[in-house]
Amino acid sequence: MEVDSIEKLKATRNLLKASIKAIKVREFEGRTFGSESEYDARSIVAGVDSIITDIGGLIRAPRRFLQSSNYNERIAFTKQLTNLNDYLEDEANSS
């Protein structure tokens, strides 16, 4: 089953996978992230890996994903993941 919103999500997930692989955690040693500096680079990478895994589950069952979400939710989800990917790419390029 090929649905445009799910295909866009799949493409965004693939970009996110590539971005997270490009991050060299050692270059961020000693830096913290989050509004209260509660995350280090390793926890960010682990969190994004978990998101990638969860997205994989959603796109492997497109019919169920379509039934449990609407178009606007899938597009908003893709936009949020795009923002996350852009942030990761910016951080990787600035280090």
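A crossing is called left-handed if the near helix is turned anticlockwise from the far one by less than a right angle, and right-handed if clockwise. Keep that handy for the tour.

**Before you click.** This is a predicted model, where local features need pLDDT of at least 70 and side-chain atom pairs count only at pLDDT 80 or more, while totals for chains, interfaces and linings use all residues. Residues are numbered from 1 along each chain as its sequence is written, and side-chain values use heavy atoms, with hydrogens and water left out.

**Whole chain.** Start with a cartoon view: you should find four helices and zero strands, in the order α-α-α-α along the sequence. Helices here are DSSP runs of H or I with at least four residues, strands are runs of E with at least two, and both are numbered from the N terminus. The C-alpha atoms fill a box of roughly 45 × 25 × 20 Å along the principal axes. Of the 95 residues, 31% are buried (buried is under 20% relative accessible area, exposed over 50%, partly exposed in between, with a 1.4 Å probe and protein chains only). Taking contacts (heavy atoms within 4.5 Å) between residues at least 6 apart in sequence, 76% join residues at least 24 apart.

**Helix 1 against helix 4.** Select 4–22 and 71–94. The two axes come within 9 Å and cross at roughly 20°; axes are lines fitted to C-alpha atoms, for helices over the stretch in contact, and angles run from 0 to 180 degrees between N-to-C directions. Helix 1 and helix 4 are therefore roughly parallel (under 35 degrees counts as roughly parallel, over 145 as roughly antiparallel, 65 to 115 as roughly perpendicular and the rest as oblique). Helix 1 passes helix 4 in a left-handed crossing. Show side chains at the contact: among them are Ile6, Leu9, Leu16 and Ile20 of helix 1 and Ile75, Leu81, Thr82 and Leu88 of helix 4.

**Stop at Thr82.** Thr82 sits in helix 4 and is partly exposed, at 31% relative accessible area. Draw a distance to Leu9: the C-alpha atoms are 9.2 Å apart, though 73 residues separate the two in sequence.

**Helix 4 on its own.** Helix 4 has 24 residues and reaches 35 Å from first C-alpha to last, close to the 34 Å expected at 1.5 Å a residue (the expected span is 1.5 Å times one less than the number of residues). Color its buried residues: Arg74, Ile75, Thr78, Leu81, Asn85, Leu88 and Glu91. What covers them includes helix 1, helix 2 and helix 3.

**Over to helix 2.** Select 41–60. Which residues of helix 2 are buried? Ala41, Val45, Val48, Ile52, Ile55, Gly56 and Ile59 are. They cover an arc of only 105° around the axis, which puts them on the same side of helix 2; the arc is that of the directions from the helix axis to the C-beta atoms. Spin to the face turned away from that buried side and you meet the exposed Arg42, Thr53 and Asp54.

Now bring helix 4 back. Helix 2 and helix 4 pack at about 150° with axes 13 Å apart, which makes them roughly antiparallel. Ile44, Val48, Ile51, Ile55 and Leu58 of helix 2 make the contact with Phe77, Leu81, Leu84 and Leu88 of helix 4.

**Last stop: Ser37.** Look in the loop between helix 1 and helix 2 for Ser37. Its phi is near 55°, a positive value in a residue other than glycine. Most residues other than glycine have a negative phi. Ser37 is partly exposed, at 42% relative accessibility.
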